[in-house]
Amino acid sequence: QRAVDCLQGQYVGDRYLEASLSSGRELRRAREQDDAIRRGVAELAAPPFTGQTGAVRPPVPSDRRDFVVFCHATPPSVLAGEFAVDDLGVGRVDLIARCVSAALFCSHAVRKSVRVWFLLQPEAAPGVTAVCCDGGAARWLRPDERTIALALRRALRGEGDGSGWSVQRFDGVESALRALVAADGGARPSLLALHLGGAPLAEVLPTASEGVVLAMGDHLGFTEGEEAALDAVGATRAALG
């Protein structure tokens, strides 16, 4: 009561205070609300993709999903990991970063059963550089383009830091695709290629849980050679609409 008497009728700045004693019921209700807010903040404060253990975890699908993006005319500077993170439009590194963010991240977590691959093809040289980011092994990733670009740059430079990135070299697109659809100790996954002339995606999605590999072109689409390579490895064309 003494505290109420001291506060009642006082001013804080230009605000007038009115004070009164609360009942035990009101105090319990306020404490319950405060505890609920604290639990919510604790759950949101430590998302798993920061390397910590968070309380909010989406269900992990049992099927493996791989996304393969064909990247054309990749400059030598990008292949060597010498690009600037302040100008990610060069070599379309920005597109790579957006694909990683869209494929791996969901609310406060990373999709553990998803891998995203980029087949980097140089402008006027043979060979393919396949870069993979594995959601099951991803550490210290964030969904912003700059952070993802920095991780990509380290991987291309061979500075492996255990963050879920890997780099492989192939002599061509077909050999890269055959390696990507190789079974991981289980059934062979289905290979689907996003194509305007394909069947509706819902009609060709596999019903079993053997996994799926979804191939797509960048802003330039597929070349004739890439379409031939997809046919050679048994890809099914699928359209989103």
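This passage describes the cores, the largest pocket, helix α4 and several individual residues of a predicted model. Local features were considered at pLDDT of at least 70 and side-chain atom pairs only at pLDDT 80 or more, whereas totals for chains, interfaces and linings draw on all residues. Residues are numbered from 1 along each chain as its sequence is written, and side-chain values rest on heavy atoms, with hydrogens and water left out.

A good place to begin is the hydrophobic interior. In soluble globular proteins, nonpolar side chains tend to be buried together. Here a nonpolar core is a set of buried Ala, Val, Leu, Ile, Met, Phe, Trp, Tyr and Cys residues joined through side-chain atoms within 4.5 Å; buried means under 20% relative accessible area, exposed over 50%, and partly exposed in between, with a 1.4 Å probe and protein chains only. The largest such core contains 31 residues, and F83, L104, L141 and W165 have the most contacts inside it. Two or more residues come from each of β3, α3 (76-79), α4 (93-104), β6 (114-122), β7 (128-134) and α5 (145-156), where helices (H or I, at least four residues) and strands (E, at least two) are DSSP runs numbered from the N terminus. Helix α4 gives the most, with seven residues. Apart from this core lies another, of 22 residues, including A130, F170, L177 and V213.

Helix α4 deserves a closer look. Nine of its twelve residues are buried, so the helix is largely enclosed by the rest of the structure. Among these buried residues are V93, L95, I96 and L104, along with D94 and S101. The expected span, 1.5 Å times one less than the number of residues, is 16 Å for α4, and its end C-alpha atoms are 17 Å apart, which agrees.

The same helix features in the largest pocket, where α4 gives the most to the lining, with four residues. On a 1 Å grid over the protein atoms alone, a pocket is an open set of points where a 1.4 Å probe fits, with protein on both sides within 12 Å along at least five of seven lines, and lining residues have an atom within 4 Å of a point. About 160 Å³ of space lies in this pocket, the volume being the space filled by probe spheres set on points joined across faces, edges and corners. The lining is made up of R65, F67, V69, R98, C99, A102, A103, R111, V114, V116 and M216. It divides into eight nonpolar, no polar and three charged residues, with Ala, Val, Leu, Ile, Met, Phe, Trp, Tyr, Cys and Pro counted as nonpolar, Asp, Glu, Lys and Arg as charged, and the others, Gly among them, as polar.

Turning to aromatic contacts, the structure holds two aromatic pairs, defined by ring centres of Phe, Tyr and Trp (its six-membered ring) within 6.5 Å; planes under 30 degrees apart count as stacked, over 60 as edge-to-face and the rest as tilted. One of them, F70 with F222, is edge-to-face, at 5.1 Å centre to centre and 90 degrees between the planes. F70 lies in strand β3 (residues 65-74) and F222 in the loop between β10 (212-217) and α8 (224-232), so the pair ties together parts that are 152 residues apart in sequence. Both F70 and F222 are buried.

Strand β3 also holds A73, whose phi is near 50 degrees, a positive value in a residue other than glycine. Most residues other than glycine have a negative phi. A73 counts as partly exposed, at 40% relative accessibility.
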